[in-house]
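The following exercises are to be worked with the sequence and the structure at hand. Each task is followed by a solution in steps.

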Amino acid sequence: METIKITLLMTLLGSISSGIGGILASIFKVKSKNKISAMYEITAGIMTGIVCIDMLPESFEMAPIIYSILGVVVGLVLVCIINLVIEKSNNNKNVSAMSLFVVISMAIHNAIEGLAIGTGFSHSFSLGISILISMFLHDIPEGMVVGITSKASGNKFSKSVLNSVIVGACVGIGCFVGNSFGNIGDKYISFSLSIAAGAMLYIVACELIPNSKELKPKRVVSIMYIVGIIIGGILSKI
């Protein structure tokens, strides 16, 4: 019963924090190619910063590096397969498909965050709360990432915010598993973190940056990628 209560609470808080980010991203008007391209670049930078400064280093520390390497490969292959399936069902590959990729990768990431929260609560209430506070703050910019790509792909305000909320709710899935099984093991968590990292890196390298260059291949726009990495690094240390 306690596991169910904690899971429902995490699902609610994850939805709220990610939804806040989606609202913040969606209130800005995005019409020109220049702005859309810049938003893709900064989103790619934030995702790169989170992966390289937070997720992968943590994965390296928790288990032998082979688990991280295998996880990244699995994440890349997983999203690549999803990409191929979407392309076959939709011959006109567009930013809508890319928006879906971002939602999927962020959902995987949030589920793994939930795993850490659930495991923390299984050990002690104070540990679970400390991880929870960090997650709540961390999910706001992640919700913005989802909101930005949804907005840029032409989705309405309500759809963009809904996507962010759904991604945030995935925290509850990981939380349920983590709290049910207690200490799942550092190797499994390390492997899971690197899967999410691989999925996010695929989105950055194969979707966000290429689409940005097609829209507005200007050097000044590319600088936004560097800005995004710095933001992602700062957010990872919150």
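**Exercise 1. Determine how many helices and strands the secondary structure of the protein comprises.**

Solution. In this predicted model, the assignment gives 9 helices and 0 strands. Read from the N terminus, the order of elements is therefore α-α-α-α-α-α-α-α-α.

**Exercise 2. Characterise the protein's burial, exposed surface and contacts by sequence separation.**

Solution. Step one concerns burial: of the 238 residues, 49% are buried. Step two concerns the surface: about 11100 Å² is exposed, and 71% of this area is supplied by carbon and sulfur atoms. Step three concerns contacts between residues at least 6 apart in sequence: 86% of them join residues at least 24 apart.

**Exercise 3. Describe the packing of helix α1 against helix α6.**

Solution. Two packed helices are described by the angle between their axes and the distance between those axes. For α1 (residues 2-26) and α6 (residues 157-169), the angle is about 145° and the axes lie 7 Å apart. The crossing of α1 and α6 is right-handed. Next, the contact residues are identified: α1 contributes Thr11, Gly14, Ser15, Ser18, Gly19, Gly22, Ile23 and Ser26, while α6 contributes Phe157, Ser160, Val161, Ser164, Val165, Val167, Gly168 and Ala169. Sorted by class, this contact of α1 with α6 holds 6 nonpolar, 10 polar and no charged residues.

**Exercise 4. Locate the largest nonpolar core and state which helix supplies its largest share.**

Solution. The largest nonpolar core has 31 residues, and those with the most contacts inside it are Met47, Met55, Met106, Met200, Ile203 and Leu208. At least two residues of this core come from each of α2 (33-62), α3 (65-89), α4 (95-123), α5 (125-152) and α8 (186-215). The largest share belongs to α8, with 10 residues. Met47 may be taken as a worked case: leaving aside residues up to four places away in sequence, Met47 touches Ser105, Met106, Val145, Met200, Ile203, Val204 and Leu208. A second, separate core has 5 residues, including Ile6, Met10, Leu13 and Val171.

**Exercise 5. Is Glu58 buried, partly exposed or exposed?**

Solution. Glu58 is found in helix α2. Its relative accessibility is 37%. Partly exposed residues lie between the cut-offs of 20% and 50%, so Glu58 counts as partly exposed. As a last step, Glu58 is placed relative to Ile189: the two residues are 131 residues apart along the chain, and their C-alpha atoms are separated by 9.7 Å.

Methods:
Residues are numbered from 1 along each chain as its sequence is written. This is a predicted model: local features need pLDDT of at least 70, side-chain atom pairs count only at pLDDT 80 or more; totals for chains, interfaces and linings use all residues. Side-chain values use heavy atoms; hydrogens and water are left out. Axes are lines fitted to C-alpha atoms, for helices over the stretch in contact, and angles run from 0 to 180 degrees between N-to-C directions. Helices (H or I, at least four residues) and strands (E, at least two) are DSSP runs, numbered from the N terminus. A crossing is left-handed if the near helix is turned anticlockwise from the far one by less than a right angle, and right-handed if clockwise. Contact means heavy atoms within 4.5 Å. Ala, Val, Leu, Ile, Met, Phe, Trp, Tyr, Cys and Pro count as nonpolar, Asp, Glu, Lys and Arg as charged, and the others, Gly among them, as polar. Buried means under 20% relative accessible area, exposed over 50%, partly exposed in between (1.4 Å probe, protein chains only). Accessible areas come from the Shrake-Rupley method with a 1.4 Å probe; for residues, only the protein chains shown count as cover. A nonpolar core is a set of buried Ala, Val, Leu, Ile, Met, Phe, Trp, Tyr and Cys residues joined through side-chain atoms within 4.5 Å.
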